[in-house]
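User: Please look closely at the surroundings of the ligand, and then follow the elements that supply them outward into the rest of the chain. I would like one connected account rather than a list.

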Amino acid sequence: MTSNGPMILCDNLVKIYKVQDLEMVALQGLDLMVDRGEFMGVIGPSGSGKSTLMNILGGLDRPSAGKAIVDGQDLLKLSAFALTRYRREKVGFVWQQPSRNLIPYLSVQENVELPMLVAGMPAHERHEWSRELLEAVGLWERRQHSLSQLSGGEQQRTAIGVGLANKPVLLLADEPTGEVDTVTAQTIMDTLRHLNENYGLTIVMVTHDVRASSQVDRVVTIRDGRTSSERVRRLRAEQDDQEGASAGHQDHEGAHQAHAEAAYHEYVVLDYAGRLQLPREFLEHLGISDRAQVDLTEEGILIRPAVGLNDSTAQAARLSEVAETWGPQMRSRDWRLRVSDASRGLRNLFRRPNHSGRSGDDK
Ligand SMILES: Nc1ncnc2c1ncn2[C@@H]1O[C@H](COP(=O)(O)OP(=O)(O)OP(=O)(O)O)[C@@H](O)[C@H]1O
Ligand SMILES: [Mg+2]
């Protein structure tokens, strides 16, 4: 079953791990959309939720709440049986350690054919597809080799072949270049790009490697379990136009970073309700904590520290926030009553006449 929508749609995705009595929120309302045929990179600090996202998209882990739809299938609603099928038929995986995908005592070709054998693919079809795959990852000549005779990059390319054995629509790669040198990493990136361009394969790749992240169509940054910003590859002409404008941003982190920034446009991500998460460095730099001043200017929207918020307006703002968090059924008059429960003194302060009998204090 296929659908025409985006390949991946995550809306307000939440994943909570329970460890003994503690709850660990690994994803807290993550939004993400990936088009069919896109080659997308995911970056972010350690512990930000990248692998959690991959495990959910791969059907290895269940989301706690929100939406995760892949190729038209809602991963929150799939039965255990349907999820196993999804994992086998829709997605392929490549991990940081190629050994996680490979069986050491089988040859390259046997490794690639094994998932096909398990899926019951007829022999002739199996040989044909494994040949095509091994040519695509550049290993046809080495098909008889055992894994110990392969370099790290060749092992990883075999693992990519294994990941694609069942013709998935989506390839998920969690730091596929994490354990190899730069030259080898480049052969892996070239292989992924080739598969993306020639088979229209959608790829989502987590990476720490700046060079790798500069070769994909789009890079999203995850911070604290949410997508916080994204960089989209710019067209050459547009890039030339704006070369001067972006030159000022290139003073940190070396040549690769400079290359990546020259080729990309950086955006913050708005969710479906128009909320956006500002980069923490900006907030810290400007000293913005819980409120900011927002103005519409000719250039766009200007966000500044909230100056002139004196004590009483700040308190009023905080009180109205309390009213909001108590939900729609607890608005205005009612939240005052809730406050009154907490303190007798406050009850006197906020007392209003009740509906049935108008009491003496109204006269
Ligand atoms: N199975 C689990 N049980 C409990 N907590 C978990 C589990 N898996 C991940 N976490 C926690 O969820 C958070 C996100 O972890 P995740 O592995 O997704 O991060 P990551 O972005 O992939 O980090 P890294 O770059 O180091 O691989 C971390 O705080 C982690 O400790
Ligand atoms: Mg990880």
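Analyst: For what follows, a residue counts as near a molecule if its C-beta atom, placed from the backbone, lies within 6 Å of that molecule. The model is a predicted one, and every value below is computed from it.

By that criterion, the residues around ligand 1 are Y17, V19, M24, A26, G44, S46, G47, S48, G49, K50, S51 and T52. Divided by character, this shell holds 4 nonpolar, 7 polar and 1 charged residue. Three elements, β1 (8-19), β2 (22-34) and α1 (50-57), each supply at least two residues of the shell, and the largest share, 3 residues, comes from α1.

The two strands that contribute to the shell are also partners of one another, since β1 and β2 pair in the antiparallel sense over 10 bridges. One position in that pairing can be named exactly: I16 has V25 in β2 as its bridge partner. In general, the strands of a sheet pair through backbone hydrogen bonds, in either a parallel or an antiparallel manner. Here the pairing belongs to an open sheet of 4 strands, whose order is β2-β1-β4-β5 and whose pairing is antiparallel. Because β2 and β5 (73-74) stand at the edges and each has a single partner strand, one side of each is left without a neighbour in the sheet. The helix of the shell, α1, lies across β1, β2 and β4 (65-70), and runs at about 70° to β2.

Within β2, L30 is a useful residue to follow. L30 counts as buried because 28 C-beta neighbours lie inside 10 Å, where 20 or more are required. Setting aside residues up to four places away in sequence, L30 touches C10, L13, L53, G225, R226 and T227. A further relation concerns D11, which is 19 residues from L30 along the chain, while the C-alpha atoms of the two are separated by 6.4 Å.

From α1, the path leads on into the nonpolar interior. The largest nonpolar core has 57 residues, of which V42, L57, L172 and I203 touch the most other members. L57 is in contact with I8, A68, V70, L172 and V204, again not counting residues up to four places away in sequence. In soluble globular proteins, nonpolar side chains tend to be buried together.

Further along the chain, other helices offer a comparison in burial. A80 has its place in helix α2 (residues 80-89), and with 7 C-beta neighbours inside 10 Å this residue counts as exposed. The C-alpha atoms of A80 and G59, 21 residues apart along the chain, are separated by 9.7 Å. In helix α3 (residues 108-118), by contrast, the buried residues are V108, Q109, N111, V112, E113 and M116, and what covers them includes α4 (123-136) and α5 (152-163). After α3 comes G120, whose phi is positive, near 80°.

One of those covering helices, α5, contains G153. G153 is buried, with 20 other C-beta atoms within 10 Å. Leaving out residues up to four places away in sequence, G153 touches V180, T184, T187 and I188. Of these contacts, I188 is 35 residues away in sequence and 6.5 Å away in space, C-alpha to C-alpha.

A last pair of strands gives a view of a more open part of the chain. Strand β12 (residues 292-296) and β13 run antiparallel and are joined by 5 bridges, one of the pairs being A292 with P305 in β13. The hairpin that they form has 4 residues between the strands, and in it G300 takes a positive phi near 150°. Of the 5 residues of β13 (residues 301-305), the number buried is 0, so this strand lies largely in the open.

These parts belong to a chain whose secondary structure comes to 13 helices and 13 strands. Buried residues make up 30% of its 363 residues. Of the contacts between residues at least 6 apart in sequence, 65% join residues at least 24 apart. Returning to the ligand, the shell thus draws on β1, β2 and α1, each with at least two residues, and α1 in turn lies across β1, β2 and β4.

Terms used. Residues numbered from 1 in each chain as written. Chains lettered and ligands numbered in written order. Buried ≥ 20, exposed ≤ 12 C-beta atoms within 10 Å, placed from the backbone. Pairing = 2+ DSSP bridges. Nonpolar A, V, L, I, M, F, W, Y, C, P; charged D, E, K, R; others polar. Contact = placed C-beta atoms within 7 Å. Axes fitted to C-alpha atoms, helices over the stretch in contact; angles between N-to-C directions. Core = buried A, V, L, I, M, F, W, Y, C linked by C-beta atoms within 7 Å.
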